[in-house]
Amino acid sequence: MVMGFCSTTFLFLVLSIVFSPTSVSSSPTQLSYSDHCASIVPESTPTRPEFTTSRLTGFSAGYFTGGTAILGQNSSSYSSGFSGSLTFRTRSLHATQTKGVYKVEARLILSRYGTYYYGDDLRSSFPRLEGFWSESSGELCMVGVGSVSSNGDKLRLSAVLKLSNVKNSSNITDLVTGTLESWDSSDDSSSFDPISIFFIPVMNYKYSLSSSSTGCAAPETPSLSTNSMNSICSLLSSEQFELEYPHNCDPSRNCSPFGGNIGYLPQFISIREVHCSEDEDKLHVMVKFQNNSYDYYRTFNPSTTLIAEGSWDGEKTRLCLVACRILTDGDSPAGARIGDCSIKLSLTFPEILSIRNRSSVVGEIWSTKTVNDNGFFSKIVFRSLRTRIPGIPGQRYEYTEIQRAGKLLLKKKPAEKKGETYPNGYPSDMQYDMSVRSSGHQMGWAYLQLITLGDKFNDPYVQHLNSLEESSVAVAIESKTMNVSYRISLTLNPDVKFGDIIPESSNFSGVQTVVEISAEGIYDAKTGFLCMVGCRKLSSSHQTNSSDSMDCEILLNLQFPPLNSKNRRDIKGSMESTREKSDNLYFEHLDLSAYSFYGARQSIWRMDFEVIMVLISHTLSCVFVGLQIFYVKKHSNVLPSVSLLLLVVLTLGYMIPLVLNIEALFSGSHDRQNGMLESRGWLKADEVIVRVATMVIFLLQVRLLQLTWAAKLREGSQKGSWDAEKRVLYLALPSYIAGCLIALFFNRRNNEYGDAGSNYSFLDYEQHSLWGNLRSYAGLVLDGFLFPQILLNIFSSSTEKALSHSFYVGTTFVRLLPHTYDLYRAHNNAISVNGSYIYANPGADFYSTAWDVIIPCGGLLFCAIIFLQQRFGGRCIIPRRFRELETYEKIPAVSCESDS
């Protein structure tokens with residue numbers, strides 16, 4: 001009874017802690033809706049939920065300005081307008097007794113971002129706002145409470161949200177504006193100034209201008225077609241584009257759609273908030289003009305943003321859009337509107353890429369106004385920054401400078417040396433970060449990214465070599481020469497002259513001028529020598545017409561060290577201009593160098609080693625379980641003292657990966673690993689061997705479980721044994737559930753509420769995902785597999801040696817060895833390809849420096865407790881007074897029987 005009460009109390013406390021945020025967030029009902037919203041939308045009694053309606057499904061993009069008291073100030077020089085974004089999601093919608101009025105519950109999150117390099121994201125969350133929406137007037141008023149973290153403390157916020165023009169349907173000219181106002185008095189620390197809000201609605205979106213997008217001309221070069229509008233929307237939403245202005249445009253007047261009013265000439269655009277029509281080949285987007293390829297402060301400026309809609313023209317194989325400006329009066333969203341839809345955009349997907357055109361997406365922006373009209377600007381070309389975008393099949397690369405590179409290769413390549421082997425086509429062996437020096441002085445850094453090998457593309461966004469299949473690699477190995485193309489990102493230090501470029505110190509600390517160079521040439525795998533011709537885009541001041549926008553008088557040479565060299569050597573190379581020194585585009589000879597780092601081969605070696613570790617661990621597990629089976633057959637009297645829950649935990653640990661076929665040891669996407677593992681030639685053998693070993697352990701665990709179950713069912717041992725097992729279950733199961741709820745709680749806080757300062761990368765997101773937390777927690781339960789046996793020994797006061805030393809010590813060793821290896825791997829900078837972990841997979845347990853110390857210590861502690869219990873009795877670890885209490889409770893019953 002005492003133990004059951006304690007378990008129930010513990011579980012109740014954990015559940016109270018876990019669900020406490022919900023109880024706090026439900027407090028908006030304590031606020032007075034009528035005091036702040038009755039004049040906007042009168043309160044009405046809810047009647048029924050709206051399950052099937054598409055009303056008030058949410059908004060595409062939301063931005064705000066203000067709120068510096070709770071979210072700080074954005075220091076970006078380009079952050080005029082709206083310096084934060086917000087998310088509004090409807091939680092529930094109910095019809096009311098008043099026709100056209102609905103009760104709404106929603107979640108609102110405001111985020112003001114730091115830079116990518118400095119500063120943390122700040123976030124304020126209102127998980128539950130409640131109010132009413134009038135469909136006829138478009139007014140929405142809600143009240144609620146939320147929170148924001150400030151200086152490590154959580155501030156409670158009370159607020160009123162007021163939105164206008166919230167309609168059941170929308171089109172390109174619709175905007176939703178409003179305010180978020182503090183409920184607290186101005187003297188309160190949680191009070192804040194009114195926050196101005198701006199939304200772009202997408203409820204039941206109606207395309208009204210898509211028919212006007214038919215004025216796009218057919219592309220001048222062959223363009224690819226597509227039957228999938230979803231693939232177009234997917235790639236556009238993740239792409240950045242560089243703008244190319246006409247060489248004769250006037251930056252103060254007619255270069256950009258915004259003239260000289262914004263104080264700078266945008267260099268890049270990004271397409272955001274992409275929404276595709278489900279039944280039509282149409283889409284609705286936001287086009288952001290910005291001065292950097294990365295939006296460091298991720299702000300929103302309506303003065304440099306266009307709202308566009310359009311459709312795919314299958315005959316002309318291009319995407320045509322009509323764009324409108326966002327017109328505002330200053331920085332306030334009050335009175336904001338969308339108008340002046342005199343801008344058009346078109347995008348195509350070139351079929352042929354070359355050294356002079358590396359962009360997978362090319363587009364144009366132009367004005368339909370006449371030259372003398374206000375708002376007219378010259379046609380602008382924009383190109384995607386990425387050379388290869390997944391999802392566009394049919395593109396091919398055409399080499400145009402190979403003959404020049406071949407002649408230079410014959411002159412410069414070194415003599416072939418017997419016995420030396422060089423990289424033969426694997427991308428990870430042929431792309432590097434390199435130091436750039438001139439006359440002994442550091443000029444900057446260069447990153448060489450392999451684009452094509454032969455006629456195949458290298459896809460840097462996929463971790464395996466599916467784009468460099470057998471045909472290219474085989475040609476490379478047999479002929480030992482191959483055509484290659486690279487993209488070279490040259491990052492220059494401030495005040496370093498490079499041809500016509502003299503970079504200035506950036507306003508953003510740590511960000512330097514980047515020069516992009518396209519290169520192609522020939523690689524000789526016999527000598528490890530690479531010779532290429534490079535081209536770079538010229539600044540507009542050096543372009544006299546549209547045909548001389550590239551400087552292709554650049555020569556690059558690289559010498560790779562041998563793979564089989566005993567001593568690690570540096571990669572050496574050079575970059576030089578073939579122009580005369582008097583030419584303005586000439587630059588001094590540059591020396592390139594990099595530390596040789598054949599990552600694929602080291603990763604393969606690591607995976608080979610990890611496969612061996614897996615096989616050793618599985619073999620040892622088989623031996624230890626087998627020894628336990630022999631032990632209990634020899635000492636059958638100890639079987640009732642073995643914990644069933646312990647055996648169930650171990651059995652499930654091997655059964656679940658087999659049943660679900662998720663391969664706990666080969667976790668991650670199978671496809672992502674294929675290229676890396678198949679390059680070892682071991683993939684199928686590894687999988688078969690590991691699965692067979694896992695199956696053998698599973699069958700042995702089942703046999704041990706069956707023997708223990710049968711022994712507990714035998715007459716004479718049933719009552720005491722099952723009594724203790726039930727008590728173990730009553731305590732252990734709530735403990736396991738409580739741990740699981742805590743994992744879910746932290747996952748919920750990270751993903752829904754988002755504390756201030758949280759800024760997770762993609763890998764962080766995977767680590768904090770629901771499935772990731774559950775998998776890691778399951779690994780922790782397996783690490784503590786002795787916990788049920790410790791409880792059973794206490795409840796049964798057993799002195800039996802139920803577990804052989806080889807079983808509990810050996811199995812603990814097998815469970816803790818991965819943590820020791822993870823420490824070694826972390827402190828020796830082991831290379832890892834995403835998804836390539838085979839042993840000590842971070843997704844299958846808690847792995848970090850702290851956990852790698854805590855878990856082994858806990859495992860050793862459990863082993864020590866089992867040893868003491870089997871030698872001195874199950875209750876030897878309990879304080880003496882509690883052991884005596886249990887003894888006194890049994891004495892009356894014994895004395896009565898003796899008297900009788």
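**Charge pairs, a hairpin and buried side chains**

At 30% relative accessibility, arginine 404 counts as partly exposed. The value comes from a predicted model, as do the others below. The side chain of arginine 404 forms a salt bridge with the side chain of glutamate 553, with 3.8 Å from N to O. This pair links distant parts of the chain: arginine 404 is in helix α6 (residues 402-412), and glutamate 553 is in strand β26 (residues 550-559), 149 residues apart. Glutamate 553 is also partly exposed, with a relative accessible area of 29%.

Strand β26 also holds one end of another charge pair. The side chains of aspartate 551 and arginine 579 meet in a salt bridge at 2.8 Å, N to O. Aspartate 551 is in strand β26, while arginine 579 is in the loop between β27 (570-577) and β28 (590-595); the two residues are 28 apart along the chain, and the pair links distant parts of it. The two ends of this bridge differ in exposure: aspartate 551 has a relative accessible area of 0% and is buried, whereas arginine 579, at 23%, is partly exposed. Salt bridges with shared partners also join Arg356, Glu401, Arg404 and Glu553 into one network.

Side chains of opposite charge can pair when their charged atoms come close. The structure holds 19 salt bridges. One of them joins arginine 383 and glutamate 244, whose side chains meet at 2.9 Å, N to O. Arginine 383 belongs to strand β18 (residues 380-384) and glutamate 244 to strand β10 (residues 240-244), so that this pair, 139 residues apart, links distant parts of the chain. Arginine 383 is partly exposed, with a relative accessible area of 24%, and glutamate 244 is partly exposed with a relative accessible area of 24%.

Arginine 358 presents another case. It is found in the loop between β16 (352-353) and β17 (362-367). What is the nearest side chain of opposite charge to buried arginine 358, and how far away is it? It is that of glutamate 520, at 5.0 Å, and arginine 358 has no salt bridge. A salt bridge needs a side-chain nitrogen of Lys or Arg within 4 Å of a carboxyl oxygen of Asp or Glu. The side chain of arginine 358 does reach backbone oxygens. One belongs to serine 354, at 3.4 Å. Another is the backbone oxygen of tyrosine 486, which lies 2.9 Å from a polar atom of the arginine 358 side chain.

Serine 124 also has a side chain that reaches a backbone oxygen, here that of serine 147, at 3.4 Å. Serine 124 is located in strand β5 (residues 122-134), and its relative accessible area of 1% makes it buried.

The next element is a hairpin. Strand β13 (residues 305-313) pairs with β14 in the antiparallel sense, over 8 bridges. Within this pairing, aspartate 313 stands opposite arginine 318 of β14. The hairpin has 4 residues between its strands, and threonine 317 there takes a positive phi near 45°. Why is strand β14 (residues 318-329) largely enclosed by the rest of the structure? Because 9 of its 12 residues are buried.

Most residues other than glycine have a negative phi, and most peptide bonds are trans. Two further residues with a positive phi can be located. Asparagine 165, not a glycine, has a positive phi of about 65°. It is in the loop between β7 (153-164) and β8 (176-182) and is partly exposed, with a relative accessible area of 31%. Glutamate 273, also not a glycine, has a positive phi of about 50°. Glutamate 273 is part of strand β11 (residues 268-276), and its relative accessibility of 27% counts as partly exposed.

Two helices remain to be visited. Helix α9 (residues 644-660) contains leucine 646, which is buried, with a relative accessible area of 0%. The C-alpha atom of leucine 646 is separated by 5.9 Å from that of phenylalanine 785, although the two residues are 139 residues apart along the chain. Helix α12 (residues 718-753) contains leucine 733, which is partly exposed at a relative accessible area of 41%. Together with Leu729, Tyr730 and Ile737, Leu733 makes a nonpolar surface patch of about 380 Å².

Note on methods:
Residues numbered from 1 in each chain as written. Predicted model: local features only at pLDDT ≥ 70, side-chain atom pairs only at ≥ 80, totals over all residues. Heavy atoms only, no water. Buried < 20%, exposed > 50% of the residue type's maximum accessible area, 1.4 Å probe, protein only. Pairing = 2+ DSSP bridges. Patch = residues over 30% accessible without salt bridge, like charges linked within 9 Å, V, L, I, M, F, W, Y side chains within 5 Å. Areas by Shrake-Rupley, 256 points an atom, 1.4 Å probe, with all protein chains shown as cover. Lys, Arg positive; Asp, Glu negative; His and termini not counted. Polar contact = N/O pair within 3.5 Å; in protein donor to acceptor, adjacent residues only side chain to side chain.
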